[in-house]
Amino acid sequence: MAAMFAWCLGVRPYVVLSGSMEPQIHTGSICIINTRASYEDVEAGDVIAYETVSGMMVTHRAVRVTKTGIETKGDANDVSDGITTTKDNFKGKTIFTIPCVGYLIWGIKTGILKVAHTV
């Protein structure tokens with residue numbers, strides 16, 4: 001019931017598959033994204049989610065907000081992503097993260113982890 005309520009409020013979980021946000025957000029974590037967050041309210045320092053041209057979801061830190069868009073960078077990366085986020089591909093703000101749980105969810109989703117039934 002709580003999950004349905006959160007879904008209706010625009011809260012979405014995403015599994016972190018890379019270390020680009022280490023040590024703040026670890027690989028295998030779950031990022032909880034508020035998809036109803038306003039693009040106009042994003043400030044430098046916020047961790048946001050955006051969709052790339054190829055359809056991949058990325059969670060990186062906003063390092064600069066301009067009229068052209070939002071420049072993002074993974075905390076562990078040496079260079080920024082450039083102006084990667086516009087109102088068109090902005091997906092939301094990270095509310096919080098849950099370490100390690102993503103490994104379990106990803107394993108179930110991809111079939112790597114199978115549930116065994118005993119009779």
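## Pairs, patches and buried residues in a predicted chain

In this predicted model, the count of aromatic pairs comes to 1. Its members are Tyr39 and Phe90, whose rings stand edge-to-face, with 5.6 Å from centre to centre and 70 degrees between the planes. The two rings come from distant parts of the chain, since Tyr39 belongs to the loop between β2 and β3 (47-51) while Phe90 belongs to strand β7, and 51 residues separate them. Both Tyr39 and Phe90 are buried.

It helps to place this pair within the whole chain. The protein chain holds 2 helices and 7 strands, and read from the N terminus the order of its elements is α-β-β-β-β-β-β-β-α. Of its 119 residues, 32% count as buried, and the chain exposes about 7700 Å², of which carbon and sulfur atoms supply 61%. When contacts between residues at least 6 apart in sequence are considered, 51% of them join residues at least 24 apart.

Charged side chains give further links. Side chains of opposite charge can pair when their charged atoms come close. The count of salt bridges in this model is 5, and the table lists three examples.

| Basic residue | Acidic residue | N to O distance |
|---|---|---|
| Lys93 | Asp46 | 3.2 Å |
| Arg61 | Asp75 | 2.8 Å |
| Arg64 | Glu71 | 2.8 Å |

What does the salt bridge between Lys93 and Asp46 tie together? Lys93 lies in strand β7 and Asp46 in the loop between β2 and β3, so this pair ties together parts that are 47 residues apart in sequence. Arg61, in strand β4 (residues 57-65), and Asp75, in the loop between β5 (70-73) and β6 (82-85), are 14 residues apart in sequence, so their pair also ties together separate parts of the chain. Asp75 counts as partly exposed because its relative accessibility is 29%. In the third example, Arg64 is partly exposed at 44% relative accessibility, whereas Glu71 is buried, with a relative accessible area of 14%.

Next come two buried residues that are neighbours in sequence. Ser29 lies in the loop between β1 (11-15) and β2 (30-34), and Ile30 is found in strand β2. Are Ser29 and Ile30 buried or exposed? Ser29 has a relative accessibility of 2% and therefore counts as buried, and Ile30, at 4%, counts as buried too. The side chain of Ser29 reaches the backbone oxygen of His26 at 2.8 Å. If residues up to four places away in sequence are set aside, Ser29 touches Tyr14, Val15, Val16, Ile98, Pro99, Cys100 and Gly102. With its neighbours within four places likewise left out, Ile30 has contacts that include Tyr14, Val15, Phe96, Ile98, Val101 and Ile105. Ile30 and Val16 are 14 residues apart in sequence, yet their C-alpha atoms are 6.0 Å apart in space.

Several of the residues that Ile30 contacts, among them Phe96, Ile98, Val101 and Ile105, also take part in a nonpolar surface patch. That patch, of about 390 Å², is made by Ile95, Phe96, Ile98, Val101 and Ile105. Strand β7 (90-98) and helix α2 (101-110) each supply at least two of the patch residues, and the largest share, 3 residues, comes from β7. Phe96 lies in that strand, and because its relative accessibility is 43%, Phe96 counts as partly exposed.

Notes:
Residues numbered from 1 in each chain as written. Predicted model: local features only at pLDDT ≥ 70, side-chain atom pairs only at ≥ 80, totals over all residues. Heavy atoms only, no water. Patch = residues over 30% accessible without salt bridge, like charges linked within 9 Å, V, L, I, M, F, W, Y side chains within 5 Å. Areas by Shrake-Rupley, 256 points an atom, 1.4 Å probe, with all protein chains shown as cover. Salt bridge = Lys/Arg side-chain N within 4 Å of Asp/Glu carboxyl O. Helix = DSSP H or I, 4+ residues; strand = E, 2+ residues; numbered from the N terminus. Buried < 20%, exposed > 50% of the residue type's maximum accessible area, 1.4 Å probe, protein only. Polar contact = N/O pair within 3.5 Å; in protein donor to acceptor, adjacent residues only side chain to side chain. Contact = heavy atoms within 4.5 Å. Phe/Tyr/Trp six-rings, centres within 6.5 Å; stacked < 30°, edge-to-face > 60°.
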